[in-house]
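Thanks for coming. I will keep this short and stay with a few local features. Please have a look at the slide.

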Amino acid sequence: MRKAPFGVSATAALIAAGTLVLSACGGGSDHPAADDPYGLQDPGTIVAAVSTDQPPFASATKDGKPVGFIVDLTNQVAARLHLKVTYKATTVPGALQGLSSGQYDLAASGLGVTPERQKTVAFTKGLYWSTTDVLVTKDSDAGTLADFKGKHVGAVTGAVQEDFVKDRMPGSELTSFQTQPAAVSKLLSGGLDAFVVGGPDADAYRKQYKNLKVAVSAPVDHATAMAVKKSNTKLQQAIDKQIAALVQDGSFLKTYDKWFAEPPTPQLINIWPGLKNQAAQ
């Protein structure tokens with residue numbers, strides 16, 4: 001039987017202007033400073049941007065330690081590469097912009113792989129395949145996307161769900177938020193009619209707030225992954241190689257089951273065929 005995903009940590013206070021160093025973890029590095037096979041700005045250390053308002057992909061404990069599915073995978077990959085990880089909290093747009101400017105080596109968040117984003121960053125192979133969920137309060141009678149015409153609908157700035165609202169919910173009024181907790185708080189207080197977010201995130205918030213439900217769940221046409229600077233193919237390839245090793249030895253599925261209740265989707269198994277037999281057991 002699969003484990004239920006972990007709950008949500010209170011993280012709104014951790015997202016502030018600029019970035020906040022959360023912690024350093026991963027395997028120790030024996031490489032000298034001049035030895036940098038992965039194109040890192042600080043040889044021996046991955047500087048990873050993390051959006052800690054994305055449960056279960058990434059959230060933070062009360063003392064600021066990043067936790068989540070993507071964080072666990074990042075730490076495992078870093079340990080196998082004999083690298084350390086320094087996490088810095090930021091938003092999804094901040095992470096993507098920081099990759100392009102050289103501020104970060106890795107965006108260790110759950111990022112939708114879209115053609116627009118692929119113009120500016122390089123993605124790892126897919127790590128999850130999600131849905132898009134429309135969260136509402138339990139007193140809402142909405143059941144289709146058309147029901148939100150003229151309604152106030154929230155999404156996080158820079159998230160793929162903003163385009164979902166614009167393209168799939170015509171006539172709705174989009175309000176963008178810097179963080180997920182801010183949008184959920186607005187929804188719970190009655191200031192929003194709906195909040196559009198990824199399926200795993202929606203599950204986490206429903207577990208935390210019993211007054212929430214999903215009005216509509218729609219499949220997506222893209223994987224969720226991490227990202228690196230577009231020119232850093234060395235790091236991208238190294239991460240993909242280590243993820244493949246995690247899949248092969250069962251560590252990936254063990255980590256997946258720690259954070260998600262549902263088994264890997266057929267789309268994710270197409271990316272990582274080694275999951276097929278493991279997931280069926």
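Which residues of helix α5, residues 180-188, are buried? This is a predicted model, so please hear everything that follows as computed from it. The buried residues of α5 are Q180, A183, V184 and L187. Looking down the axis of α5, these buried residues fall within an arc of 100°, so they line one face of the helix.

What does that face pack against? The buried residues of α5 pack against five strands and a helix by name: β8 (128-137), β9 (152-156), β10 (173-177), β11 (194-198), α6 (199-208) and β12 (212-229).

Now the two ends. At the start of α5, a side-chain oxygen of T179 comes to within 3.3 Å of the backbone nitrogen of A182. After α5 comes G190, with a positive phi, near 95°.

Next, one residue from strand β10, namely F177. Is F177 buried or exposed? F177 has 12% relative accessibility, and the cut-off for buried is under 20%, so F177 counts as buried. Outside its neighbours within four places in sequence, F177 contacts G154, A155, V156, T157, A182, A183, K186 and L192. For A155, which is 22 residues away along the chain, the C-alpha atoms of the pair are separated by 6.2 Å.

Last, a helix pair. Helix α1, residues 69-80, packs with helix α8, residues 251-259, at an angle of about 155°, and their axes are 9 Å apart. The two helices are therefore roughly antiparallel, and their crossing is right-handed. On the α1 side the contact is made by F69, D72, L73, Q76 and R80; on the α8 side, by S251, F252, T255, Y256, K258 and W259.

Methods: Residues numbered from 1 in each chain as written. Predicted model: local features only at pLDDT ≥ 70, side-chain atom pairs only at ≥ 80, totals over all residues. Heavy atoms only, no water. Buried < 20%, exposed > 50% of the residue type's maximum accessible area, 1.4 Å probe, protein only. Helix = DSSP H or I, 4+ residues; strand = E, 2+ residues; numbered from the N terminus. Arc of directions from axis to C-beta. Contact = heavy atoms within 4.5 Å. Polar contact = N/O pair within 3.5 Å; in protein donor to acceptor, adjacent residues only side chain to side chain. Axes fitted to C-alpha atoms, helices over the stretch in contact; angles between N-to-C directions. Parallel < 35°, antiparallel > 145°, perpendicular 65-115°, else oblique. Left-handed = near helix turned anticlockwise from the far one by under 90°.
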